[in-house]
Amino acid sequence: MPLVVVEHPLLQDVLARLRDRRTGSEEFRRLAHHATLLLVAAATSDLAVTPGEVETPLERAGVRLLATRIVAVPVLRAGLGMLEAFLDLVPGAQVGYFGLERDENTAVARCYYEKVPADLGSAVVFLLDPMLATGGSAAMAVEGLRSRGARDVRLVSVVAAPEGVSRLAAAEPDVRVFTAALDRALDVRKYILPGLGDFGDRLFGT
Ligand code: PRP
Ligand code: URA
């Protein structure tokens with residue numbers, strides 16, 4: 001499975017501040033937004049464009065226009081912190097949702113909500129989930145997207161753990177993962193080390 005660790009200095013600086021335990025929710029939201037802008041720029045860099053023409057104030061200019069149907073699917077709840085940034089960059093995207101929650105004791109994800117556009121075969125689908133820990137949530141979401149015909153699926157995450165990358169690669173070898181960091185490991189509670197803690201709690205101040 002292709003894993004792209006985006007090393008852009010602006011992204012790494014944002015990540016440093018997301019990791020910092022002193023960063024409060026208001027700042028965390030702003031940083032999550034900025035991180036997503038930079039990650040999505042990387043994750044969309046090979047999208048198909050079609051040639052066109054526009055009239056500038058001076059003359060006609062050859063241009064290239066996005067020629068791809070794009071669907072963004074944030075995984076609730078933490079992925080909601082990435083949606084606005086995605087739509088800033090791709091305002092015409094369709095949006096679907098997966099509500100997934102890990103059991104606090106077992107860290108096994110369960111799905112409590114699902115609303116995704118039909119017929120995803122003609123779209124490039126961007127799954128937005130900031131944390132790839134065990135990979136259970138991502139694997140479940142991708143399976144749901146596949147059942148609706150999705151072929152080109154890309155996961156945009158902020159931090160990934162080796163365990164999650166391996167699990168997703170085994171289950172879904174064609175899914176491309178774009179992340180700001182590949183961290184060291186998971187702890188006994190299946191939190192990413194060094195990670196940044198519970199993304200959803202920090203984002204929403206819970
Ligand atoms: C977090 C995170 C991912 C999931 C990753 O969500 O946003 O969806 O954990 O863990 P995994 O790779 O081990 O499945 P969580 O279940 O805590 O729900 P929340 O977003 O509602 O806080
Ligand atoms: N979910 C989070 O929010 N953080 C982790 O480290 C793992 C799962």
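**Two ligands and their surroundings**

Mentor: In this predicted model, β4 (69-76), β6 (97-102), β9 (131-132) and α4 (136-146) each supply at least two residues of the shell around ligand 1. The largest share, 3 residues, comes from β6.

Trainee: What makes the pair of S137 and ligand 1 a polar contact?

Mentor: A polar side-chain atom of S137 lies 2.5 Å from an oxygen atom of ligand 1. The cut-off for such a pair of N or O atoms is 3.5 Å, so this pair counts. G135 joins in through a backbone N or O atom, 2.8 Å from an oxygen atom of ligand 1. Taken alone, ligand 1 exposes 500 Å², and the protein buries 91% of that.

Trainee: Which residues are around ligand 2?

Mentor: They are R102, M131, A133, K190, Y191, I192, G197, D198 and F199.

Trainee: Why is G197 said to make a polar contact with ligand 2?

Mentor: A polar backbone atom of G197 is 2.8 Å from a nitrogen atom of ligand 2. That value is within 3.5 Å, so the pair qualifies. A backbone N or O atom of F199 also lies 2.8 Å from an oxygen atom of ligand 2. The protein covers 89% of the 240 Å² of accessible area that ligand 2 has on its own.

Trainee: How many residues of each class does the shell around ligand 2 have?

Mentor: The shell has 5 nonpolar, 1 polar and 3 charged residues. G197 is in that shell, and Gly counts as polar, so G197 belongs to the polar class.

Note on methods
Residues numbered from 1 in each chain as written. Chains lettered and ligands numbered in written order. Predicted model: local features only at pLDDT ≥ 70, side-chain atom pairs only at ≥ 80, totals over all residues. Heavy atoms only, no water. Near = heavy atom within 4 Å. Polar contact = N/O pair within 3.5 Å; in protein donor to acceptor, adjacent residues only side chain to side chain. Areas by Shrake-Rupley, 256 points an atom, 1.4 Å probe, with all protein chains shown as cover. Helix = DSSP H or I, 4+ residues; strand = E, 2+ residues; numbered from the N terminus.
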